[in-house]
Amino acid sequence: MTTTRHPRSLVTGLVRGAAMWAVPILIISAVVLTWLYRTTTYRIFDDPLDSAVTSLIASVDVDANGAVAVSREPLDPRYQRALSGRYWLIGQSNGEARAPLRILAASRSLYGESLVLEPPVLRNLKSNMGEAVRASSRGVDTGETLRIVARQVILPGTEQPVIVLAGADKRAATRDIQRFAVTALALMAALCLALIFAVYTQVRVGLSPLFTLRNKVADVREGKSAQVEGVYPPEIAPLAEELNSLISHNKNIVERARTHVGNLAHALKTPLAVLQNEAQSGPQTPSALVAKQTEIMHQQVDHHLRRARAAARGQSIGVTTPLADVIDPLMRTLPRIYRDKDLYIDVDTETALVFRGAKQDIEDMVGNLMDNAAKWTKTDIKVRAETDKNRSDMMRIIIEDNGAGLDPKEYEEALKRGARLDEATPGSGLGLAIVDDLARAYKGQFHLSRSEMGGLQAELILPKVGAS
């Protein structure tokens, strides 16, 4: 199986992802701040103009001839200075589009000039009689742009509405808003760069244990160290432990392969030597001897193949077998095979125990032990299965009989390949050895001891699915 390297590094991807949400948010923030500053600036800018219009409306008088006079002008001295950029005017529209207002009264700062209101502004004033309307207008000086506040009202003694407005040059305010916008964008850009740098630094620092782990794995691959060493954060430590387990597992596989080959070679060496000596010592080799030695070789080859397959299955993932699917068929089969003993099999197993491994292997282990118990018992066999008290991820299977049992000195001998403690009983002597090999392949245990029933007690500790 090959791995494909992603064209974009993890650090680049995380930084780019952070930038994709940070940059738009900061830009939107700069725009919103500029809009708020502009709104506040114009509100502060409009307040004196609104006060001036209110003061003019309160102080305007109309004489008997319809002439308009202002009894009290706004106090700001800029209304008195010519072309100062601060103006007020009381006038009427002559009905022509973009025509100057007909002046009824005006500030000295207008210097005899009038102001022009755009048609939309005039329509807005007409539809909002008496209310303040804010708009922009061309000033009287070159390049001058005014911010105006105007009201259209009907004065006492007049029939036609008049427009009362005050205006001021807004170029200074516009420059302030522009400077704020540029400053805000610059600050947000700097903040964005600082944020990206901080994210990059944080990602590099946060992923540094992974980079260290990568280098340690490379050291193992190059033979500089035997395992992944070092202290890692809690989030990464399990990964390092799993890598070490994988490295140990691979070493064990290689070592087991060497051991299997050596054991097989050693097991076949003696029968082959016997056949060779017999062939050289006489003109004919007895067929019985050949048959016996070839049977021994066949058993040894079958035994080591079984061990190799069990070792491979012992590390498999996702293979499970309910224990009841193995014990129940044996309960029905063994009494039929050993009819002469009138077998009674007492089974007491914990509900829903599931072996974490292949069905064939658990059948070989439990089947060998139950068959061995049936072979040697007098009448009774007891089978118990439960979760191991010391480890909740393991289960304990105990098979007892009331036969003659074994002497404690014979327990170790019984687990050797080909060992037969009773030559009169049929068998190859590989049964208990196979059980021991399979249990070890699944990182379990197999023990023999004296049963309380008087016979032999075989105890298996094997991995189970789930934890109680």
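## Reading helix packing

Mentor: Let's start with a pair of helices in this predicted model. Helix 1 (residues 10–59) packs with helix 3 (residues 171–221) at an angle of about 160°, and their axes lie 8 Å apart.

Trainee: How are helix 1 and helix 3 oriented to each other, roughly parallel or roughly antiparallel?

Mentor: Angles over 145 degrees count as roughly antiparallel. Helix 1 and helix 3 are therefore roughly antiparallel to each other.

Trainee: And is the crossing of helix 1 and helix 3 left-handed or right-handed?

Mentor: Helix 1 passes helix 3 in a right-handed crossing. Sorted by class, their contact has 31 nonpolar, four polar and three charged residues.

Trainee: At what angle do helix 6 and helix 7 pack?

Mentor: Helix 6 (residues 324–337) and helix 7 (residues 359–376) pack at about 35°, with axes 10 Å apart. Their crossing is right-handed. The contact has eight nonpolar, one polar and four charged residues. On the helix 6 side, the residues include Ile327, Leu330 and Leu334, while helix 7 brings Ile362, Val366 and Met370 among others.

Trainee: Now a single helix. Which residues of helix 2 are buried?

Mentor: Buried means under 20% relative accessible area. In helix 2 (residues 119–127), Pro119, Val121, Leu122 and Leu125 are buried. Seen down the helix axis, the buried residues fall within an arc of 160°, so they line one face of helix 2. On the other side, Arg123 and Ser127 are exposed.

Trainee: What do the buried residues of helix 2 pack against?

Mentor: They pack against three strands: strand 5 (133–138), strand 6 (145–153) and strand 7 (162–169).

Methods
Residues numbered from 1 in each chain as written. Predicted model: local features only at pLDDT ≥ 70, side-chain atom pairs only at ≥ 80, totals over all residues. Heavy atoms only, no water. Buried < 20%, exposed > 50% of the residue type's maximum accessible area, 1.4 Å probe, protein only. Helix = DSSP H or I, 4+ residues; strand = E, 2+ residues; numbered from the N terminus. Arc of directions from axis to C-beta. Contact = heavy atoms within 4.5 Å. Axes fitted to C-alpha atoms, helices over the stretch in contact; angles between N-to-C directions. Parallel < 35°, antiparallel > 145°, perpendicular 65-115°, else oblique. Left-handed = near helix turned anticlockwise from the far one by under 90°. Nonpolar A, V, L, I, M, F, W, Y, C, P; charged D, E, K, R; others polar.
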